[in-house]
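Reader: Before we discuss the labels used for this protein, could you show me the sequence and the model, so that I can follow the reasoning behind each label?

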Amino acid sequence: RSILVHFDPLVVEPEAVEQRLLQLVGTLADLELPAPEVTMVPVCYGGEFGPDLDHVCQHTGLSVEEVIRLHTGTDYLIYMLGFTPGFSYLGGMDDRLATPRLKTPRTHIPAGSTGIAGKQTGIYPIDSPGGWQLIGRTPLRLYDPFREPPVLLKAGNYVRFVAVTEDEYHQIAAQVATGIYEVKTEQLAKGRATK
């Protein structure tokens with residue numbers, strides 16, 4: 001765990017900043033955090049949306065159905081966002097799904113692509129290069145610079161993947177494009193751990 005603190009040493013003494021930070025650390029146990037929220041993320045697995053699903057099956061020895069069942073069977077803690085705006089690094093993936101990154105990254109990954117890299121899963125929020133094994137795609141816009149807030153997911157919350165058919169994917173995509181799709185969320189109890 002780490003934190004970066006910016007301060008102007010011409011305005012405040014470094015020792016004063018250090019002293020205040022130490023005081024704050026002492027009160028962290030009393031901090032009341034809001035209950036986390038789980039966001040339901042619809043994903044169409046395989047085919048053009050998940051070109052590496054068969055490779056993940058070969059690597060893990062699991063069937064397509066088992067990979068999808070395991071991938072959708074967990075609430076994933078959003079560890080952090082990074083790499084690109086809104087890229088979610090998700091923890092709690094079943095170890096049986098672990099598959100190494102691609103040896104040579106792709107130069108173009110479509111927005112919404114859902115992938116596996118090692119023991120993590122994540123979602124590409126924008127078109128970008130990347131080296132994760134792509135198993136599916138969501139029609140949700142995880143990053144939209146014209147929306148407030150622009151990033152859909154928040155670190156400390158959870159994601160639950162929900163398998164959808166290709167027809168359902170296109171229906172949701174059309175609703176997202178017209179602004180009528182409502183992202184489904186669920187409030188979780190405080191202190192809840194992943195399954």
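Author: In this predicted model, the largest pocket has a volume of about 730 Å³, and its lining comprises 33 residues, with E37, T39, L152, K154 and N157 lying nearest the centre. Elements that each supply at least two residues of that lining are β1 (37-45), β2, α4 (166-178) and β10.

Reader: What is the make-up of the lining of the largest pocket by class?

Author: The lining has 17 nonpolar residues, together with eight polar and eight charged ones.

Reader: Why does D75 count as buried?

Author: D75, which is found in strand β2 (residues 75-81), has a relative accessibility of 0%; because buried means under 20%, D75 counts as buried.

Reader: What makes the pairing of D75 with R160 a polar contact?

Author: The side chains of D75 and R160 come to 2.6 Å in this pairing, and since a polar contact requires N or O atoms within 3.5 Å, the distance satisfies the cut-off and the pair is listed as a polar contact.

Reader: Turning to strand β10 (residues 185-187), where Q187 has its place, which residues does Q187 touch beyond those up to four places away in sequence?

Author: Q187 touches A35, P36 and E37. The side chain of Q187 reaches the backbone oxygen of A35 at 2.9 Å, a value that lies within the 3.5 Å allowed for a polar contact. As for P36, its C-alpha atom is separated from that of Q187 by 6.3 Å, although the two residues are 151 residues apart along the chain.

Conventions:
Residues numbered from 1 in each chain as written. Predicted model: local features only at pLDDT ≥ 70, side-chain atom pairs only at ≥ 80, totals over all residues. Heavy atoms only, no water. Contact = heavy atoms within 4.5 Å. Polar contact = N/O pair within 3.5 Å; in protein donor to acceptor, adjacent residues only side chain to side chain. Helix = DSSP H or I, 4+ residues; strand = E, 2+ residues; numbered from the N terminus. Buried < 20%, exposed > 50% of the residue type's maximum accessible area, 1.4 Å probe, protein only. 1 Å grid on protein atoms, 1.4 Å probe; cavity = no way out; pocket = protein on both sides within 12 Å on 5 of 7 lines; lining within 4 Å. Points joined across faces, edges and corners; volume = space filled by probe spheres on them. Nonpolar A, V, L, I, M, F, W, Y, C, P; charged D, E, K, R; others polar.
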